[in-house]
Amino acid sequence: SSWEMNWDVLSPFFKFPSEIRSIMYTTNPIESLYRQFRKVTKTKTIFPSKEALEKILYLASQNITKKWTRRYGKWDIALNQLMIFFEGRIQPYL
């Protein structure tokens, strides 16, 4: 019944190809990234500006991504699909 009550929210998910959907519903990497961001920001409760927070998160993301070694198996296909769906917003790796 929860699917039926929330179908208007869930149905747009199915317009994406299976390669993109599998990235979207696999939350472990997202939760891990969020946990790392919380570790960086939890000691600081107030930021002087929005830009200060963005800078800290950007620098943290640079350090976090250096440790990533595992790739998503169908990433090349998923990246091509994302570039089609979000034309102009996603740039290929050069």
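At 40% relative accessibility, F14 counts as partly exposed in this predicted model. W7 falls into the partly exposed class as well, with a relative accessible area of 44%. These two residues make a convenient starting point, since their side chains come together. The structure holds 4 aromatic pairs. In one of them, the ring centres of W7 and F14 are 5.8 Å apart and the ring planes meet at 25°; with stacking assigned to planes under 30 degrees apart, the pair is therefore stacked. The aromatic grouping goes beyond this pair, as F13 joins W7 and F14 in one cluster.

The surface around these rings is worth a look too. W7 and F14, together with W3, form a nonpolar patch on the surface, and the accessible area of the three residues comes to about 370 Å². W3 itself is part of helix α1, which spans residues 2–5. With a relative accessible area of 53%, W3 is exposed, because the exposed class begins over 50%. W7 at 44% and F14 at 40%, by contrast, are assigned to the partly exposed class.

Next comes helix α2, made up of residues 7–10, where D8 is found. D8 is exposed, and its relative accessible area is 58%. The chain separation between D8 and S32 is 24 residues, and their C-alpha atoms are 29 Å from each other.

Helix α3 offers a view of the interior. Within this helix, which covers residues 18–25, the residues E19, I20 and S22 are buried. Their directions around the axis take up an arc of only 160°, so they sit on the same side of α3. A helical repeat gives useful background here: an α-helix has 3.6 residues a turn, so residues three or four places apart point the same way. What do the buried residues of α3 pack against? Their packing partner is α6, the helix of residues 75–85.

A further buried position is found in helix α4, which runs over residues 28–41 and includes T41. The relative accessible area of T41 is 12%, and this residue is therefore buried, the limit for that class being under 20%. Which residues does T41 touch once its neighbours within four places in sequence are left aside? The contacts of T41 are then with F47, L53 and L57. T41 at 12% and D8 at 58% thus illustrate the two opposite classes, buried and exposed, within the helices described here.

Note on methods
Residues numbered from 1 in each chain as written. Predicted model: local features only at pLDDT ≥ 70, side-chain atom pairs only at ≥ 80, totals over all residues. Heavy atoms only, no water. Phe/Tyr/Trp six-rings, centres within 6.5 Å; stacked < 30°, edge-to-face > 60°. Buried < 20%, exposed > 50% of the residue type's maximum accessible area, 1.4 Å probe, protein only. Patch = residues over 30% accessible without salt bridge, like charges linked within 9 Å, V, L, I, M, F, W, Y side chains within 5 Å. Areas by Shrake-Rupley, 256 points an atom, 1.4 Å probe, with all protein chains shown as cover. Salt bridge = Lys/Arg side-chain N within 4 Å of Asp/Glu carboxyl O. Helix = DSSP H or I, 4+ residues; strand = E, 2+ residues; numbered from the N terminus. Contact = heavy atoms within 4.5 Å. Arc of directions from axis to C-beta.
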